[in-house]
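Colleague: I'm new to reading structures, and I'd love a close look at one single part of this one. Could you walk me through it slowly?

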Amino acid sequence: MRTRAFLALPVMLLAVAVTPLAAAAWDPGVAALQVGLHTRGLYAGPIDGITGPATQKAIRKLQAHARIAVDGVVGPKTRRALGHFARHRLGQRPLHIGNAGWDVASLQFQLAEHGFPSGSFDGIFGPHIDAAVRRFQEYAGLKTDGVAGPATLKALGKPPAAIPLPLAWPLTVHVIGDRFGPRGERWHAGIDLPAPLGTPVYSARAGEVVWAGWRGDYGFLVTVAHGHGERSMYAHLSRMDVRVGVWIGAGVRVGLIGATGDATGPHLHFEVRVHGAAVDPLRALPSL
Ligand SMILES: [Zn+2]
């Protein structure tokens, strides 16, 4: 077992300060703009909904190409410079499979913020967005027709899901890698906790094991249902120590750190869902 060599490594107790989360910093309109700039080949940065220097530079390039005032401000003329892509603002038409553009990109980002990501942010309403819309509609108690009309947009205007039950850290060593939120051209639906291969992973709260097996990009995954629609997920494990159907207490070892599935190195991808919506796990965990 390749994990053995790592088990002997001394455990380094590291703590990374958690900066307060500024969820409001992500602007779906800015994300849609970034998708438009990306489509035009003017922007290669992350689709993160934040107007940083790279986005500013891309806006100015677009304005220079369109021979309008190069001021970095996105007004009607700058939007028009994006052509067909920017024709519809979100809410101007019901969105469904086959639509594309600014409004679709904006919808896609809002769905992700609410815990229903749909692949790469590309502003194209395909099967992935259709599935995300239907899952969100089910979550919000709406008709699941895959059409993002006024009722769906209104529900997306509400804050993301509240977390009914607090959780404990699943590892004894708290190093936080990638956080919940935009990552590259996609949305990262959990937090990554890097740790040496073979490090024990503990259940964050008592509950019933509802999944213990391979699941695509998650690799070996354990999912524990805690009640009130809340579930915690432990992904990329090298070994699983629990079976589906068993009830476990908080702090029970569910498996060992690995890099199975879509993982570049050993870490725990820790995801928390509330009635199907992925929420920021840091909101459920004690602050460091
Ligand atoms: Zn991850």
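Modeller: Happy to; let's look at one helix, α2, and what surrounds it. Keep in mind that this is a predicted model.

Helix α2 runs over residues 28–39, which makes 12 residues. Is its length what we should expect? Let's check: at 1.5 Å a residue the helix should span 16 Å. The expected span is 1.5 Å times one less than the number of residues. In the model the end C-alpha atoms are 16 Å apart, so the expectation and the model agree.

Now for the two ends. At the N-terminal end, Asp27 acts as a cap, with a side-chain oxygen 2.7 Å from the backbone nitrogen of Gly29. Following the helix comes Gly41, and its phi is positive, near 75 degrees.

Next, how much of α2 is hidden? Nine of its 12 residues are buried, so the helix is largely enclosed by the rest of the structure. A residue counts as buried here when its relative accessible area is under 20%. The buried residues begin with Pro28, then come Val30, Ala31, Ala32, Leu33, Gln34, Val35, Gly36 and Leu37.

And what do these buried residues meet? They pack against two other helices, α3 (53–65) and α5 (102–113).

So, as you turn the model on your screen, try finding the Asp27 cap at the N-terminal end, then follow the helix along to Gly41. On the way, look for α3 and α5, against which the buried residues pack.

Technical notes:
Residues are numbered from 1 along each chain as its sequence is written. This is a predicted model: local features need pLDDT of at least 70, side-chain atom pairs count only at pLDDT 80 or more; totals for chains, interfaces and linings use all residues. Side-chain values use heavy atoms; hydrogens and water are left out. Helices (H or I, at least four residues) and strands (E, at least two) are DSSP runs, numbered from the N terminus. Buried means under 20% relative accessible area, exposed over 50%, partly exposed in between (1.4 Å probe, protein chains only). Contact means heavy atoms within 4.5 Å. A polar contact is a pair of N or O atoms within 3.5 Å; within protein, one must be able to donate a hydrogen and the other to accept it, and residues adjacent in sequence count only if both atoms are side-chain atoms.
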